[in-house]
Every structure is written in C-alpha cells, then in structure tokens.
Amino acid sequence: MAISVPRLQSLPVRPCRMYDSVDAQSAYHLVHTELQVPAVFGSMIEHWKYRHTWTPQNLSEIFGGKPIRFRMIPRMLQETSNVVWETQCQFVDASLTEFCHWIFGDQRFEENGDFGIIAKRARTDVECSSSFDLAKLGDFNPEIHAAYADYKYMRVLFADIPGFQQAIDWSTFGLQGKTGEHSTFWLGTKGAYTHCHYDTYGFNLVAQLYGRKRWILFPPGQTDCLYPTRLPYEESSVFSQVNIKRPDFEKHPRVRNAEPTEVVLEPGQVLFVPKHWWHFVECLDTSVSINMWVDVESDCLDRVQEGIARNIVMSLKKTEETAQSEDWKTSFEQGTSTEDSISLLEAAINDVVYRMAPNRDRSVHITTDDLVNVLAHPDVLALTAQKLLEQVQTQIT
C-alpha cells in the first residue's frame, strides 16, 4: 500500500491498528501500556452528549457573535516544497456565524460586511498585507486561503457556554473525570493543516466529530529522517523542516527512508497517537475535532530537556536584533526572561529529584553557571559540533 499524498507515493505505508467496542479497562491498558503504534478506536464517543450536533452551523448558533481566532493559510504556497510556518500566516478574529457565511453562504465577499478584524501581526513574505491595517475574513477567498481555529482550550472557549465541557467524556478510555475541561477544540476548513511535529509530553487522543482529517505519522526512531528544528520555538513542540506533502528530496534526502502511517479519521472515531510520534494533520473537509493530551510518567524527564531548550533559545534569540520581530517563536509561546527560564528548569529538575527521592527535604538550586558547565562539557560540544556540521551540510547540497 502506498501513501495517498502524491510526492510520498513511493514510500511504503504502515498499517494502522483498528479497535471497535473496547471496554474502558482494556482501552486504558492499550493506550497506557500495550500500544506503541497509532491506533483508531470506533464506538468510543457515541455516548457523548451532542455527539451528532457538533457542526459549524450548530456551533454558530451556540456561540452567537463570540469571536474566535482563525489562522489563514495560503493554499498556493502549500503546493511548493517550502514550509509555511505559523509565524508566516495572518490571523483573523471572526464569529462562527461569520465563518459559516464565509464557507457555506452567499455573503462570503460582502465588501462592507463586518467579518472580524486581524488579531495578530501581518507577514509580507506569504501573500500577506505589508501593513497592520484592519482586515476582514471576507477579504480572504476560501478558494485561496484555508482557515484554522486550532489549539483552542475548551475551558476558555466554552467558559460561558454551560454543558459543553461536561459533554466531553473520556471515561471510555479509563480516564475518569477527564472532560472538556482538559481538552482542546479544533475547527478548520478543507486544506487547513498542522505542520509536521511531535509533542514532547504524553500521548494524544483525538476525537473526530465532523468532517474528516488525514493524519500522516512517523515513529520516533525516524526523527533523523524528518530534519527536526526548534524554530519557530514553541515549548513542547519539535517541528520538522520537511514539507510532508511536497518534500524536497534533494534538500532532505533522508526523508526517503521514512515509513509513514496514514490514517483518514472519520466522524465518530478516536485516534491514539503514541508519545513522540511525528504527525502531519490535514483537514479533508471542513472539520471539527477535540483532543486531549494525557501525561505519562516519563514526561518529567522531557520537562527537564524542554527547560534546557528554553534557556538556549531564549538566550540566543531574545536579543536586541530580534526585539522587533517574533518570527522565531509561535503565537502560543510568550517567551520568558533568563531568570524565569532558569526557574522553570529548576522546577522540572526538582520534580525528577522528588520522584527519585520523595523523602528529600531540600530543593535543588540551579544557576546559569550549572547550565554553562553542562552545555560546554566536551562530550556535549562534540555532539553539538557534529550536529551543527550536519545542519550546515543541508545548505550546500
């Protein structure tokens, strides 16, 4: 079986496991212990209240005029081998009523209609306005741009809408008490996507409620094939430098060695994404989905690594030269001072120490000297030099 994305058709596709009507105890065991590969579960969310009413039209009636932020993704640039980063997109605030008119209605291009305003910086390098002038959702052509309301925490988005957070119930996976309070909401038009990345913490459960999404996943052991990068920086996300839909095999030859798993997630299905699995996600239709990241024991060590990464990125990128530009981090990342970055790392280290010695009555104190001594250790420098030369090599091949 070959993958359906045209430029990746030569790559073999791993099958995805399918489960149906699994009891809660078995599901908990599968996702916490047994499964090391992605899996699709059926019949696990049929008990969710409003299960069949999570459509954009119904949600627009519930939300009324409440604005939601959408990322506007230029479709044309998705057809090149370049990666279109989140930092290169415009963001628009619009209500779901306006969104539905834009996608389904005849009022998509009302010249004077109130379709929301730009909520974030504009970019000039990907068909974006060169100024910070107000823009409207109706200024964008849905044939040219996709719209994505992604990473929306339900506890914030649905805070003033009774009943909807409780309608999400992950107990069928043995996760008692986990509801919309712990979940994230996603709404995108056809062609909206999340760039290939892996999450450093926990595993992921994704419930598809409306429309379909294509997931292309790669195991952690193939990280080298995907050319990882920490820029743009986002805590707990490691991005790929490869455009998964149209990879440049000359620039990224190792991607030929990748063995993807492809899943088209249908309404009513739940996808299990194991920890550290890379994934590219694309809306095949206008799509509504809800996910929850589930912490696991090993996350404490990953938080130490993320704390080190934050200190490196913040110290090198948060300089006078970058003060006027935020292209190096995503909109979800606020950035921290050196003092705060060290404090976060210290907290992560103390969490690991406590787990190793729970009766310890003293906290570990970390200083910048400790970090310098570790990062400048000969073994670390040797590996860093090797990786830096590999990175430079991609620029001259």
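In what order do the six strands of the open sheet stand?

## The open sheet

In this predicted model, the six strands of the open sheet follow the order E10-E11-E7-E14-E9-E12, and their pairing is antiparallel. Strand E10, which covers residues 228-234, and strand E12, which covers residues 261-265, stand at the edges with a single partner strand each, so one side of each of these two strands is left without a neighbour in the sheet. From one strand to the next, the twist averages 35°.

## Strands E7 and E11

Within that order, E11 and E7 stand side by side, and the link between strand E7 (residues 193-199) and strand E11 (residues 237-240) consists of three bridges, with the two strands running antiparallel. One place to look at this pairing is His 197, which stands opposite Phe 239 in E11.

## Gln 208 and its surroundings

Gln 208 belongs to strand E8, which spans residues 203-210. With a relative accessible area of 0%, Gln 208 counts as buried, because that term applies to values under 20%.

When its neighbours within four places in sequence are left aside, Gln 208 is in contact with several residues, among them Ile 45, Lys 213, Leu 265, Pro 267 and Ser 289. Ile 290 is 82 residues away from Gln 208 in sequence, while the C-alpha atoms of Gln 208 and Ile 290 are 6.7 Å apart in space. The side chain of Gln 208 also reaches two backbone oxygens, that of Tyr 210 at 3.0 Å and that of Gly 211 at 3.1 Å.

Definitions and conventions. Residues are numbered from 1 along each chain as its sequence is written. This is a predicted model: local features need pLDDT of at least 70, side-chain atom pairs count only at pLDDT 80 or more; totals for chains, interfaces and linings use all residues. Side-chain values use heavy atoms; hydrogens and water are left out. Two strands pair if DSSP finds at least two bridges between them. Helices (H or I, at least four residues) and strands (E, at least two) are DSSP runs, numbered from the N terminus. Axes are lines fitted to C-alpha atoms, for helices over the stretch in contact, and angles run from 0 to 180 degrees between N-to-C directions. Buried means under 20% relative accessible area, exposed over 50%, partly exposed in between (1.4 Å probe, protein chains only). Contact means heavy atoms within 4.5 Å. A polar contact is a pair of N or O atoms within 3.5 Å; within protein, one must be able to donate a hydrogen and the other to accept it, and residues adjacent in sequence count only if both atoms are side-chain atoms.
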